[in-house]
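Please open the model in your viewer and keep the sequence panel beside it. The tour below moves from one selection to the next and says what is there.

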Amino acid sequence: MTGLNKVVAIDMHTHATVSTRNAPDEVAIAFDAAMAAYFKEKMPRPTIAETAAYYRERNMMAVIFTVDTERANGQVRITNEEVAEESAQHQDVLIPFASIDPMRGKMGAREARRLIKDYGVRGFKFHPSAQEFYPNDRDAYALYEVIAEAGLPAVFHSGQTGVGAKMRGGGGVRLKYSDPMFLDDVAVDFPDMPIIIAHPSFPWQENALAVATHKPQVYIDLSGWSPKYFSPLLIQYANSILKDKMLFGSDFPVITPDRWLEDFDKIGIRPEVKPLILRDNAVRLLGLDKDPVYGRYVRLAPPALGECC
């Protein structure tokens, strides 16, 4: 696959769940088993290289990351270095993001600087519920400052989560941290840091739409839910005033892009809006039009009928 014009979609939300360097981790295995049961699917467990091959076959690109929950639940993280190094071998397909627990403070900020400078990570992923922090906690700001200085986007999980769902005590995961309204403070304090609110934000969907409408650098990725479950209000905003700020995301391997795209085609998104959500908004947000791998960006042709959805 060469060049952006061959890319039919950019999946903004995929997870690295299998390490080729770490030993199997019993905590990760327990959480993954609970999530598979919650989604009533046998989740595939691809390596990063296998994920690259999967997306290459589909003429798609994918943002990929792990989540640093070591402090919160004792799960050994797949290192950001592994994600970045593996992605570098598949840069035609994979776009590496990093994940750092923001409560690591100044050491987390140092790690972020190193990952940006030495590993070329293109953004950062946070999961307030799984990482046990409020996004507007001032202790997180040292890390945000590094991200903002680099002009990179930050993805924040929002709403209910499959992490810990139906485990005893919800696996210790508290939903309260993931109300997207907390991101309004972050958007005010870091006006030049692109913020991506991940997922339909049940039960706070209106909060997410309000923040994304009011703050110009705030986007929404549509991952983690089959589109057939999207609320009418979310679909209305995606079709109109937020059409330039909605992003395709699957949450792979929890949900496959094949399933997501099949359902997306049935929810009434206008034909002229689909290329924005599936690809063009991500190209602009990630600066792929300025990337030396892809060259100058000209308006992308819509995917051929049947190519992706």
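Where is Gly-123 found? Select Gly-123, and you will see that it lies in the loop between helix H5 (105–119) and S4, where helices (H or I, at least four residues) and strands (E, at least two) are DSSP runs numbered from the N terminus. Before going on, note that this is a predicted model, in which local features need pLDDT of at least 70 and side-chain atom pairs count only at pLDDT 80 or more, while totals for chains, interfaces and linings use all residues. Residues are numbered from 1 along each chain as its sequence is written, and side-chain values use heavy atoms, with hydrogens and water left out.

With Gly-123 still selected, look at its surroundings: Gly-123 has a relative accessible area of 0% and therefore counts as buried (under 20% relative accessible area, with exposed over 50% and partly exposed in between, for a 1.4 Å probe and protein chains only). Leaving aside neighbours within four places in sequence, Gly-123 is in contact with Pro-96, Phe-97, Ala-98, Leu-152 and Pro-153, contact meaning heavy atoms within 4.5 Å. For Ala-98, the C-alpha to C-alpha distance to Gly-123 is 6.4 Å, although the two are 25 residues apart in sequence.

Next, show the strands S4 to S8. These 5 strands form an open sheet with parallel pairing, in the order S4-S5-S6-S7-S8; two strands pair if DSSP finds at least two bridges between them. Strand S4 (124–126) and strand S8 (246–247) each have a single partner strand, so one side of each of these edge strands is left without a neighbour in the sheet.

Within the sheet, select strand S6 (residues 195–198) and strand S7 (residues 218–221), which run parallel and are joined by 4 bridges. One residue to pick out is Ala-198, whose bridge partner in S7 is Asp-221. Helix H9 (residues 205–214) packs on the sheet and touches S6, S7 and S8, its direction making about 140 degrees with that of S7 (axes are lines fitted to C-alpha atoms, for helices over the stretch in contact, and angles run from 0 to 180 degrees between N-to-C directions). S7 is covered on both faces, with Val-218 and Ile-220 buried on one side and Tyr-219 and Asp-221 buried on the other.

Now colour the aromatic side chains, among which the structure holds 17 aromatic pairs. Rings of Phe, Tyr and Trp (its six-membered ring) pair if their centres lie within 6.5 Å, and planes under 30 degrees apart count as stacked, over 60 as edge-to-face and the rest as tilted. Phe-126 and Phe-156 are stacked, at 5.1 Å centre to centre with 25 degrees between the planes. This pair links strand S4 to strand S5 (residues 154–157) across 30 residues, and both rings belong to buried residues. Phe-248 and Trp-260, by contrast, are tilted, because their planes stand at 45 degrees with the centres 4.7 Å apart.

Finish at residues 295–309, where pLDDT, the predictor's confidence in each residue from 0 to 100, stays under 50. Where pLDDT is low, the predicted coordinates should not be read in detail.
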